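Me: I would like to learn how to read a structure feature by feature, beginning with the overall fold and ending with single residues. Could we go through one together?

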Amino acid sequence: MAVDLKTDFCGLEFKNPIIVAAGAHGRDGDTIRETARWGVGGVCTKTIVSQPATDVLPCFAKVEGGMLNAVFGSDRSAEYWFTEGIKRAKEGRARVIANLAGFTPEEGAELARKAEAAAADMIELPTHCPHMGEILNAMFPGMNFPEPKLLDVGPMQQSVRLIKEAVKLPVVVKLSGTFSHIVREWTKGVEEAGADGIACSDALGPALSIDPMTGHPVLGGPRGVGGLTGPAIKPIALRMVLEIAMCSKLPIVGVGGVIRAADVVEYIMAGATLVGVCTAGHLNSEKQYEKIVQELETHLETLGASSPQDVRGLTLKRIEERKQRGKVAVTDPIVPVVEESKCSECGKCETVCVYKAIVCGGGLKIDKKRCTGCGLCVSVCPTGALTQVYY
Ligand SMILES: Cc1cc2nc3c(=O)[nH]c(=O)nc-3n(C[C@H](O)[C@H](O)[C@H](O)COP(=O)(O)O)c2cc1C
């Protein structure tokens, strides 16, 4: 079955649901135009700010499961973006999302008005970056950049209201990963303020990496802290997206830890309409964006879906089914079933079985008395030879 990846988001057509989230591939108009050539539906600018600041260095570091970054907004002036940058970005035949932040709500509205005049397709407002306060205060002594009050949605709401008055473009609020435990409160706040959509999430943190030979924090800045991104944050961002979808009708951009098409499908199943990718492109080159777009078509085809919409919110339905069947807390173990033709006898299941219930070699034997049905072996099997049907 042919798969149509075209996706409507806030009344805008995207050629596919994958966008490049704000990062170094959105650092200027030419880079966005070139990034768009990898076939993505849209590219976000790096956060446009009125007073660009130089990054503390080093500002990027690979860590297990992703990377840390200690960057501020765009190092190009707002003037550059609104006279040249967005225009050049638009030559790339992908939607251009102006990610911007004012130091005051009024300034945010002014930046948004100028982004609209420069023909950006959508506005995205970041809410809070985990490492920003510490770095800005060190760079600009006396500026007293306030520690964000995580529970106070008021300033964000004021910004959204003023921006909505200033522009006709869709306005999307990008939630911070640090709102993980209060995502419903922020979602409600975004909705009440009149935003058109929610992106989730930005980095988690503040996070730290130390050079074990010298004791130095790997990143620059006072304590060397940064925001954690990449696969390590995906389970948290994905759960946040699910929760947004459970309590709001606003369209969602799922972001965080996407490296392959299966990750995109998970976000769509959790309720996202668009899916952002950032770290995967930084750690593997921009070609990764194209790979994800191509694999997405194949993955959806395998599922028998003709478009991403066919699987959107599927997980919400599955959760509802559990409730309806009275299966919200299953405790009777199901011993995994082995499909021998798929088993390569790699032994991973035996290695991880903490109950010593599996013996691999000359076939796979599972001791039914020892097996507790925990599911770990199923999740590590690289060939899908083990299955358990609980629901
Ligand atoms: C190097 C880098 C720079 C980033 N810069 C911005 C930014 O300027 N504005 C913003 O809203 N998010 C920024 N982010 C956050 C990403 O847009 C994204 O929300 C986050 O990295 C999670 O997605 P990922 O795991 O695919 O990277 C940045 C992330 C990275 C890694």
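Reply: Yes, and let us begin with a pair of helices. Bear in mind throughout that this is a predicted model. In it, α8 passes α10 in a right-handed crossing, and the residues that make this contact are A261, A262, V264 and V265 on the α8 side, with I292, E295, L296 and H299 on the α10 side.

Me: Which numbers describe how α8 and α10 pack?

Reply: Two packed helices are described by the angle between their axes and by the distance between those axes. Here α8, residues 261-270, and α10, residues 287-302, pack at an angle of about 65°, and their axes are 8 Å apart. Sorted by class, the contact of α8 with α10 holds six nonpolar residues, one polar and one charged.

Me: Is α8 itself enclosed or open, and how would I judge that?

Reply: The count to use is that of C-beta neighbours, where 20 or more others within 10 Å make a residue buried. Nine of the ten residues of α8 are buried, so this helix is largely enclosed by the rest of the structure. The buried ones are A261, D263, V264, V265, E266, Y267, I268, M269 and A270, and what covers them includes β3, α7, β13, β14, α10 and α11. Just after α8, G271 takes a positive phi of about 125°.

Me: What do the totals say about the chain as a whole?

Reply: The chain contains 13 helices and 18 strands. For 391 residues a compact globule would have a radius of gyration near 21 Å, and the 23 Å of this chain agrees with that. The C-alpha trace spans about 70 × 55 × 40 Å along its principal axes, and 47% of the 391 residues are buried. Of the contacts with a separation of 6 or more, 72% are between residues 24 or more positions apart.

Me: How does the other helix pair, α3 with α5, compare when I describe it in those terms?

Reply: The axes of α3, residues 105-117, and α5, residues 154-166, come within 8 Å and cross at roughly 35°, and α3 passes α5 in a right-handed crossing. From α3, the residues P105, E106, G108, A109, A112 and R113 meet P155, Q158, S159, L162, I163 and A166 of α5. By class, this contact has seven nonpolar, three polar and two charged residues.

Me: Suppose I pick out I163 from that contact; is this residue buried or exposed, and what does it touch?

Reply: I163, which belongs to helix α5, counts as buried because it has 28 C-beta neighbours inside 10 Å. Leaving aside residues up to four places away in sequence, I163 touches G108, A109, A112, I123 and V171. As for distance across the fold, the C-alpha atoms of I163 and R37 are separated by 30 Å, and these two residues are 126 apart along the chain.

Me: What surrounds the ligand?

Reply: The ligand is surrounded by 28 residues, of which the closest are A21, A22, T229, C278 and T279. Both β6, residues 66-69, and α9, residues 279-284, supply at least two residues of this shell, and α9 gives the largest share, three residues. The classes in the shell are 14 nonpolar, eleven polar and three charged residues.

Me: Let us turn to the backbone. Where are the cis peptide bonds that I should inspect?

Reply: The angle to read is omega. A cis peptide bond joins C200 and S201, with omega about 10°, and S201 is placed in the loop between β10 and β11. The bond from G205 to P206 is also cis, with omega near 0°, and P206 lies in strand β11.

Me: And which residues other than glycine have a positive phi?

Reply: Among them are A119 and E345. The phi of A119 is near 80°, and A119 lies in the loop between α3 and β8; with 14 C-beta neighbours inside 10 Å, A119 counts as partly exposed. E345 has a positive phi of about 55° and lies in the loop between β15 and α12; with 15 C-beta neighbours inside 10 Å, E345 likewise counts as partly exposed.

Key. Residues numbered from 1 in each chain as written. Predicted model: local features only at pLDDT ≥ 70, side-chain atom pairs only at ≥ 80, totals over all residues. Helix = DSSP H or I, 4+ residues; strand = E, 2+ residues; numbered from the N terminus. Rg over C-alpha atoms; globule rule 2.2 N^0.38 Å. Buried ≥ 20, exposed ≤ 12 C-beta atoms within 10 Å, placed from the backbone. Contact = placed C-beta atoms within 7 Å. Axes fitted to C-alpha atoms, helices over the stretch in contact; angles between N-to-C directions. Left-handed = near helix turned anticlockwise from the far one by under 90°. Nonpolar A, V, L, I, M, F, W, Y, C, P; charged D, E, K, R; others polar. Near = placed C-beta within 6 Å.
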